[in-house]
Amino acid sequence: MTKKMSESFNNLENSGKMPSKQLGFNRVLDGLKKRQLLLDFHFDKAAEVYEPIRNIGVGAFGIVCEAVETTSNNKVAIKKISHASATPTLARRTLREIRVLRYIKHENIVSLRDIFRTPGALGIDVYLVMDLMEGSLHQVIYNENQPLEDELIAYFLYQLLRGLKYIHSAGIAHRDLKPSNLLVNSDCRLRIADFGMAKLASKGHFDEAEEHCFYMTQHVSTLPYRAPELLFVMPEHGTAVDMWAVGCILAEMLLKRELFPGRNVSGQIKILLNSLGKPSDKLLNQIRCEKTRRLIEHFHDACRREWEHVLFVPDRVVSESCLDLMSQLVALDADDRIDIHQAINHPFITSFDFYVPLESSCPFKVKMDMADVEKLSHQGLTEALIQDVRSAESYTSGSNLLQRGPSWYQNAFKLDQDAAMRDIDFHRQRTPFRSIY
Ligand SMILES: Nc1ncnc2c1ncn2[C@@H]1O[C@H](COP(=O)(O)OP(=O)(O)OP(=O)(O)O)[C@@H](O)[C@H]1O
């Protein structure tokens with residue numbers, strides 16, 4: 001910029017006839033953001049149906065944007081899993097998420113409205129179109145300085161347990177529960193999201209060779225929420241891993257910090273044992289990994305702390321029933337841990353007398369589909385992805401999206417409307433809490 005230009009720019013700016021440099025800079029930034037958004041969410045022909053608005057989330061495997069469904073003007077969330085077929089891990093993760101969500105309709109599980117794929121540079125990109133939620137439990141916990149009231153904590157927990165009950169009843173565990181994977185609306189409505197780690201347990205346990213391997217097991221679930229059977233590399237683990245994570249989430253709502261905030265595996269084991277004491281000999285004998293066993297034995301004098309001390313928050317009295325539920329969820333031995341039915345009927349939850357709707361059961365088809373995913377090779381996974389996910393090319397101009405798709409889209413849409421009507425009635429009857437955003 002020449003001196004003269006810069007002077008006249010400043011003069012104009014000072015005279016108020018031109019937006020400030022800041023405003024100009026923001027406009028440039030907005031333009032760049034929009035361009036990046038369109039590059040990240042390049043929908044091919046599906047752009048006739050979905051228009052990206054803004055980025056709303058980034059995870060280890062996907063990026064998520066808010067978008068508009070142009071045919072209805074409804075807002076949706078679209079999660080993009082880039083080059084989903086490039087590696088077996090990514091392909092399996094993507095297929096697991098699709099296969100859990102496509103037939104499931106539950107008030108407390110994020111609903112999948114549509115899926116499509118586009119060809120990417122390193123294999124296909126998959127897009128999951130979901131109902132848009134306003135935020136996550138992570139934001140609820142950390143955005144507010146005020147403590148969360150017991151009733152609100154119990155309400156979130158109740159909804160989490162209802163969603164879990166639905167998938168556990170089909171033998172499916174989520175395996176990556178944490179506050180950022182629990183989406184929450186300002187009316188306190190909660191839905192479980194991110195099913196990339198979900199897996200079917202045979203007779204309540206996963207015990208394939210893959211899971212024995214130290215490397216694999218260390219990649220299941222996020223460290224602060226990882227159950228001891230995963231952390232200690234036990235030969236078997238099942239739906240109880242989710243119950244442990246539920247306990248960690250309950251504690252985080254009370255403490256407003258992670259209960260066991262380890263940053264590496266050995267640090268995590270140390271933190272657990274310092275709160276919960278040394279594991280029993282029975283548990284120790286089940287640990288196959290020599291390195292882990294030696295590490296645990298090193299803490300032979302670790303003592304269990306009382307839950308009222310572990311959950312100490314100044315100026316807050318944690319109720320007896322809450323302490324009791326915590327102690328039963330966060331039990332080192334999975335055999336001692338409370339299951340989903342016991343948890344949902346625990347006095348800490350039932351004392352609040354939440355409305356209990358009639359529950360449908362998780363379709364058997366989901367169970368069958370999930371079982372298949374684990375057997376497939378990389379080639380098989382890629383083929384299944386192509387078969388399960390429609391090409392964006394199928395969105396031809398002017399035709400009705402729902403009439404074109406496979407029947408599950410039509411069923412999903414119909415069920416979704418029913419669910420929406422029930423939800424609206426439900427929340428009209430009961431919205432006991434202040435708006436949380
Ligand atoms: N339906 C939705 N509505 C609103 N926000 C969403 C929705 N789905 C996901 N998000 C946001 O996007 C973030 C990333 O999504 P998600 O957890 O599914 O991705 P991921 O890559 O599988 O994550 P992770 O790193 O936990 O494995 C979430 O934490 C959430 O904030």
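**Notebook: sheets, ligand site and a few buried residues**

I began with helix 2, residues 21-40, which lies across strand 1, strand 2 (63-69), strand 3 and strand 5 (125-131). Helix 2 runs at about 100° to strand 1. I am working from a predicted model.

**Entry 1. Whole chain**

I looked up the overall make-up next. The protein chain has 20 helices and 13 strands. Of its 437 residues, 51% are buried. I also checked contacts with a sequence separation of 6 or more; residues 24 or more positions apart account for 69% of them.

**Entry 2. The six-stranded sheet**

I asked in what order the six strands of the open sheet come. The order is 1-2-3-5-4-13, and the pairing is mixed. Which strands stand at the edges? They are strand 1 (50-58) and strand 13 (390-391). Each has a single partner strand, so one side of each is left without a neighbour in the sheet.

I then went through two of the pairings. Strand 1 and strand 2 run antiparallel and are joined by seven bridges. G57 has V64 in strand 2 as its bridge partner. The two strands, 1 and 2, form a hairpin, with four residues between them.

At the other edge I looked at strand 13. Strand 13 pairs with strand 4 (residues 112-118) in the parallel sense, over two bridges. There I found F116 opposite R390 of strand 13.

Helix 2 is not alone in crossing strands of this sheet, so far as I listed them: helix 3 (residues 88-101) lies across strand 3, strand 4 and strand 5. Helix 3 runs at about 30° to strand 5.

**Entry 3. K80**

I picked K80 from the record. The unreviewed UniProt entry has a "binding site" annotation that covers K80. I located K80 in strand 3, residues 74-81.

Is K80 buried or exposed? Its relative accessible area is 9%. The cut-off for buried is under 20%, so K80 counts as buried.

I listed its contacts, leaving aside neighbours within four places in sequence. K80 is in contact with L39, D40, F41, F61, G62, I63, D125, V126 and Y127. What lies 2.6 Å from a polar atom of the K80 side chain? I found the backbone oxygen of D40 there.

One general point for reading strands: in a regular strand the side chains alternate between the two faces of the sheet.

**Entry 4. Around the ligand**

I counted the surroundings of the ligand. There are 20 residues around it, and the closest are A60, F61, G62, K79 and D131. Two of these names were already in my K80 contact list, F61 and G62.

I then noted polar side-chain atoms beside ligand oxygen atoms:

- K79 has a polar side-chain atom 2.7 Å from an oxygen atom of the ligand.
- For D194, the distance from a polar side-chain atom to a ligand oxygen atom is 3.0 Å.
- For R93, I read 3.3 Å from a polar side-chain atom to an oxygen atom of the ligand.

**Entry 5. E97**

I turned to E97, in helix 3. E97 is buried, with a relative accessible area of 2%. Which residues does E97 touch, not counting those up to four places away in sequence? They are K79, I81, L128, D194, F195 and G196. K79 is also on the list of residues closest to the ligand.

**Entry 6. The three-stranded sheet**

I looked up a second open sheet, of three strands. Its order is 6-8-9, with antiparallel pairing. Strand 6 (135-136) and strand 9 (190-192) stand at the edges. Each has a single partner strand, so one side of each has no neighbour in the sheet.

Strand 6 pairs with strand 8 (residues 182-184) in the antiparallel sense over two bridges. S136 stands opposite L183 in strand 8. I also checked helix 5, residues 150-168: it lies across strand 8 and strand 9, at about 35° to strand 9.

**Entry 7. I104**

My last residue was I104, in the loop between helix 3 and strand 4. Its relative accessibility is 1%, so I104 counts as buried. Leaving aside neighbours within four places in sequence, I104 is in contact with I109, Y166, I167, C362 and V366.

How far apart are I104 and H42? They are 62 residues apart in sequence and 27 Å apart in space, C-alpha to C-alpha.

Definitions and conventions:
Residues numbered from 1 in each chain as written. Predicted model: local features only at pLDDT ≥ 70, side-chain atom pairs only at ≥ 80, totals over all residues. Heavy atoms only, no water. UniProt positions renumbered as here; feature names shortened; annotations may be inferred. Buried < 20%, exposed > 50% of the residue type's maximum accessible area, 1.4 Å probe, protein only. Contact = heavy atoms within 4.5 Å. Polar contact = N/O pair within 3.5 Å; in protein donor to acceptor, adjacent residues only side chain to side chain. Pairing = 2+ DSSP bridges. Axes fitted to C-alpha atoms, helices over the stretch in contact; angles between N-to-C directions. Near = heavy atom within 4 Å.
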